[in-house]
Amino acid sequence: MPVIEKSTYPGAPFWQFNGHLQTLAAGLFRKLPETPYRRERIDTPDGDFLDIDWLESGRRRLAIISHGLEGNSTRPYVRGMAALFFQEGWDVLAWNCRSCSGEMNRTFRLYHHGDVEDIDAVVRHALRVGQYDRIALVGFSMGANITMKYLGVHGDRAPAEIRSAVAFSAPVQLAEGAEVIDRWDNFLYRQRFKKRLGVKLKIKAQQYPGLLDIEKLEQIKRWRDFDEWFSAPICGYRSADEFYQKASAANFLEGIRVPTLLVNALNDPILTPGCMPETIAREHEFFHLEMPEEGGHCGFQLPKKDTFAWSEYRALEFCENA
């Protein structure tokens, strides 16, 4: 499909005058309605578990929401999306990646940007327990990359009930993302991710003695070091380069066979030009690309006070009409 040349996003509130403010404000200052999730734990084929959170009322339509790196189902961007879809007649399933639900997972491996096995387990579980004939996938950041890689890998073999997908702020080129996170102005994000993931890695080192050289955490000079020494081996890759190649959604977009919208803001502080796959979008039957001038990373708040963000209205509109 053609690239969407003019985004409908009207821009951020006046005081959010750059991508960093638009990124941070959306997580710090949003007031959202309660999301009375019902939690369910499901087992994975490799002996681990996933905690999934439902908003349900016996509808035939289901939105499955995937969070970002070190996020979970309670993050404001997930709760806002869940609340709007539920309000508009959809059941909602917001799933938590391994180790992200408040309890450490069992197996050695953690979640990662290219983990399509777990989202597949979630989709197939939902189809077993519900009466859904229409599923929409919505992902943010890492979860957006997972969503698009999943659809690209499965292609025509994806469950027929999946009718649409929307991805926001997706780092579809992970090698470039590892470089941009090292910029001085991204120090805050880098330190936050390193600290939170470091805690989990130390727990893994205790669970599985001898498999991780945890002392290397203090030797990290750039994010590629983190991926080389930790992300790759703990997730089953031989190197950071292999991880970047096999986990980046950009390498799988050609296989997508359901209407899919990628929304990446041009002022997103942790995305690169390689995360704007215009050439693929212009030649692909199912892949749509929208690039608002503003929005930050998973921001997209509206200039006037509103319960919901523009991204939530945009996702609902696309999924309703796909």
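**Figure 1. N18 caps the N-terminal end of helix α1.** In this predicted model, a side-chain oxygen of N18 sits 3.1 Å from the backbone nitrogen of H20. Follow the helix along and you meet its buried residues: G19, Q22, T23, A25 and A26. What do these buried residues of α1 pack against? They pack against two other helices, α2 (76–87) and α6 (187–207).

**Figure 2. F14 is in the segment before α1 (19–28).** Is F14 buried or exposed? With a relative accessibility of 77%, F14 counts as exposed, because the cut-off for that label is over 50%. Its C-alpha lies 6.8 Å from the C-alpha of P303, although 289 residues separate F14 and P303 in sequence.

**Figure 3. Q301 belongs to the loop between β8 and α10.** Q301 has a relative accessibility of 15%, so it counts as buried. What does Q301 touch, once neighbours within four places in sequence are set aside? Its contacts are Y9, G11, A12, P13, Q16, A25, A26, R30 and A309. Two of those names, A25 and A26, also turn up in Figure 1, as buried residues of α1.

**Figure 4. Eight strands make up an open, mixed sheet.** Reading across the sheet, the order is β1-β2-β4-β3-β5-β6-β7-β8. Which strands sit at the edges? They are β1 (38–43) and β8 (287–290), each of which pairs on one side only. From one strand to the next, the twist averages 20°.

**Figure 5. β4 pairs with β2 and with β3.** On the β2 side, residues 49–55 of β2 and residues 91–96 of β4 run antiparallel, with five bridges between the strands. Two of the pairs to look for here are I52 opposite W95 and D51 with its bridge partner N96. With β3, the pairing is parallel and again spans five bridges. In that pairing, A63 stands opposite V92 of β4.

**Figure 6. β4 is covered on both faces.** In a regular strand, side chains alternate between the two faces of the sheet. Which residues of β4 fall on which side? D91, L93 and W95 are on one side, with V92, A94 and N96 on the other, and all of these are buried. That makes six buried residues out of six, so β4 is largely enclosed by the rest of the structure.

**Figure 7. Helices α3 and α10 pack on the sheet.** Helix α3 (residues 116–129) lies across β1, β2, β3 (61–66), β4, β5 (134–140) and β6 (162–168). How does α3 run relative to β2? The angle between α3 and β2 is about 50°. Helix α10 (residues 310–321) also packs on the sheet, where it touches β3, β5, β6, β7 (260–263) and β8. The direction of α10 makes about 160° with that of β6.

**Figure 8. α7 and α8 cross at roughly 85°.** Helix α7 covers residues 223–234 and helix α8 covers residues 240–247, and their axes come within 8 Å. Why call the pair roughly perpendicular? Angles from 65 to 115 degrees count as roughly perpendicular, and the crossing of α7 and α8 therefore earns that description. From α7, the residues in the contact are R224, D227, E228, S231 and A232, and they meet A240, D241, F243 and Y244 of α8. By type, the residues of this contact split into four nonpolar, one polar and four charged.

**Figure 9. E70 and S141 each have a positive phi without being glycine.** Start with E70, where phi is about 60°. E70 is in the loop between β3 and α2. E70 counts as buried because its relative accessibility is 9%, under the 20% cut-off. Now move to S141, where phi is near 55°. Where is S141 found? S141 is in the loop between β5 and α4 (142–154). S141 is buried as well, with a relative accessible area of 11%.

Terms used: Residues numbered from 1 in each chain as written. Predicted model: local features only at pLDDT ≥ 70, side-chain atom pairs only at ≥ 80, totals over all residues. Heavy atoms only, no water. Axes fitted to C-alpha atoms, helices over the stretch in contact; angles between N-to-C directions. Helix = DSSP H or I, 4+ residues; strand = E, 2+ residues; numbered from the N terminus. Parallel < 35°, antiparallel > 145°, perpendicular 65-115°, else oblique. Contact = heavy atoms within 4.5 Å. Nonpolar A, V, L, I, M, F, W, Y, C, P; charged D, E, K, R; others polar. Buried < 20%, exposed > 50% of the residue type's maximum accessible area, 1.4 Å probe, protein only. Polar contact = N/O pair within 3.5 Å; in protein donor to acceptor, adjacent residues only side chain to side chain. Pairing = 2+ DSSP bridges.
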